[in-house]
Amino acid sequence: MVAWKRQLILFGGFHESTRDYIYYNDVYAFNLDTFTWSKLSPSGTGPTPRSGCQMSVTPQGGIVIYGGYSKQRVKKDVDKGTRHSDMFLLKPEDGREDKWVWTRMNPSGVKPTPRSGFSVAMAPNHQTLFFGGVCDEEEEESLAGEFFNDLYFYDATRNRWFEGQLKKLRSGWRRQTRKRTVRRLKVLRVETRMRTKTAERRAVRRTESPLQGRLANAVPTSAQDPAVLGEALGASLCPDTQERAEGGWPRPGRELSPMI
């Protein structure tokens, strides 16, 4: 299955039951706007029935189908498997989305060995990336599979295969990467602690009333001088300094009201 414009294009597959199995080579389209299925009937000679093939969209708007696997019964209780390595192009005929055509392709370059079930991803420069897959060797009473981890590129603009080469890691690269990771983790821990402490201080300040905060910052616990308390509260609780010096404060008949 592959996404093509506003449709999902489905090709092939198989169905197996306890009695028999069947492989398909038909094509269906699922419209993402109307949520409806429709069967396509492309002209030309298409792929033989198979499953496990891979599909990708070309820059020109066609759909490439490559590889796959199928089996057929040669005699009672004996099946013969086939690994496909052919490639076909499915594209709209004359730009019409309701009429499609099959075309056999013969790309040049270094082709992958026959396989099925490999992974496909779109790469830059209109290339398709093929990775891995499996090759099943099926005998009359045994089945053996070989799994791959090689890499191939298919260039749709040049219709050519390329074998991918992965560069080896430089010596000491993993050790250097680990050291950088450890340093970053340490920095993150320190930053997290600082942010936590800052958040705690802000939370304490929000819970304090303005009066409590000003008293805590300006008035010592041992301060008993009303002038100091007055300055902390933003108001004068006593007359001027001269009256205090003359002993006229507090005035007779007046008592200080409790602060709290």
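**Figure 1. The whole chain, with its 4 helices and 13 strands.** This is a predicted model, so keep that in mind for every view below. Of the 260 residues in the protein chain, 30% are buried. Take the contacts with a separation of 6 or more: residues 24 or more positions apart account for 46% of them. On the outside, the chain exposes about 18700 Å², and carbon and sulfur atoms supply 51% of that area.

**Figure 2. An open sheet built from 4 strands.** The strands line up in the order 1-2-3-4, and their pairing is antiparallel. At the edges sit strand 1 and strand 4 (36-40), each pairing on one side only. Going from one strand to the next, the twist averages 35°. Zoom in on strand 3 and strand 4 and you'll find 5 bridges joining this antiparallel pair. One spot to look for is Asn-31, whose bridge partner in strand 4 is Thr-36.

**Figure 3. The largest nonpolar core and its neighbour.** The largest core holds 15 residues, and Ile-9 and Ile-63 have the most contacts inside it. Strand 1 (2-4), strand 2 (7-16), strand 3 (21-31), strand 6 (63-75), strand 7 (78-92) and strand 8 (100-105) each give two or more residues to this core. There's also a second, separate core of 11 residues, with Tyr-66, Met-87, Leu-89 and Trp-161 among its members. As background, nonpolar side chains in soluble globular proteins tend to be buried together.

**Figure 4. Ile-9 and the residues around it.** Which residues does Ile-9 touch, leaving aside those up to four places away in sequence? The list runs to Met-1, Val-2, Trp-4, Val-27, Tyr-28, Ala-29, Leu-40, Met-55, Ile-63 and Leu-90. Ile-63 is worth a second look, since both it and Ile-9 are named for having the most contacts inside the largest core.

**Figure 5. Ser-56, tucked into strand 5 (residues 54-57).** Is Ser-56 buried or exposed? Ser-56 counts as buried because its relative accessible area is 4%, under the 20% cut-off. Not counting residues up to four places away in sequence, Ser-56 touches Val-2, Gly-62, Ile-63, Val-64, Val-120, Met-122 and Thr-128.

**Figure 6. Ser-116, in the loop between strand 9 (108-109) and strand 10 (119-123).** Ser-116 sits in a loop, yet it is buried, with 9% relative accessibility. Leaving out residues up to four places away in sequence, Ser-116 touches Gly-52, Gly-68, Tyr-69, Gly-133 and Val-134. Look at Gly-68 in particular: Ser-116 and Gly-68 are 48 residues apart along the chain, but their C-alpha atoms are separated by 4.6 Å.

**Figure 7. Arg-83, a partly exposed residue in strand 7.** Arg-83 counts as partly exposed because its relative accessibility is 31%, which falls between the 20% and 50% cut-offs. Residues up to four places away in sequence aside, Arg-83 touches Gly-68, Tyr-69, Pro-114, Cys-135, Asp-136 and Glu-137. Another arginine to find in this view is Arg-50, 33 residues from Arg-83 in sequence and 9.2 Å away in space, C-alpha to C-alpha.

**Figure 8. Two buried cysteines, Cys-53 and Cys-135.** How many disulfides does the structure hold? The count is 0. Cys-53 is buried, with a relative accessible area of 14%, and Cys-135 is buried too, at 8%. Cys-135 also turns up among the contacts of Arg-83.

Definitions and conventions. Residues numbered from 1 in each chain as written. Predicted model: local features only at pLDDT ≥ 70, side-chain atom pairs only at ≥ 80, totals over all residues. Heavy atoms only, no water. Buried < 20%, exposed > 50% of the residue type's maximum accessible area, 1.4 Å probe, protein only. Contact = heavy atoms within 4.5 Å. Disulfide = S-S within 2.5 Å. Core = buried A, V, L, I, M, F, W, Y, C linked by side-chain atoms within 4.5 Å. Pairing = 2+ DSSP bridges. Axes fitted to C-alpha atoms, helices over the stretch in contact; angles between N-to-C directions. Areas by Shrake-Rupley, 256 points an atom, 1.4 Å probe, with all protein chains shown as cover.
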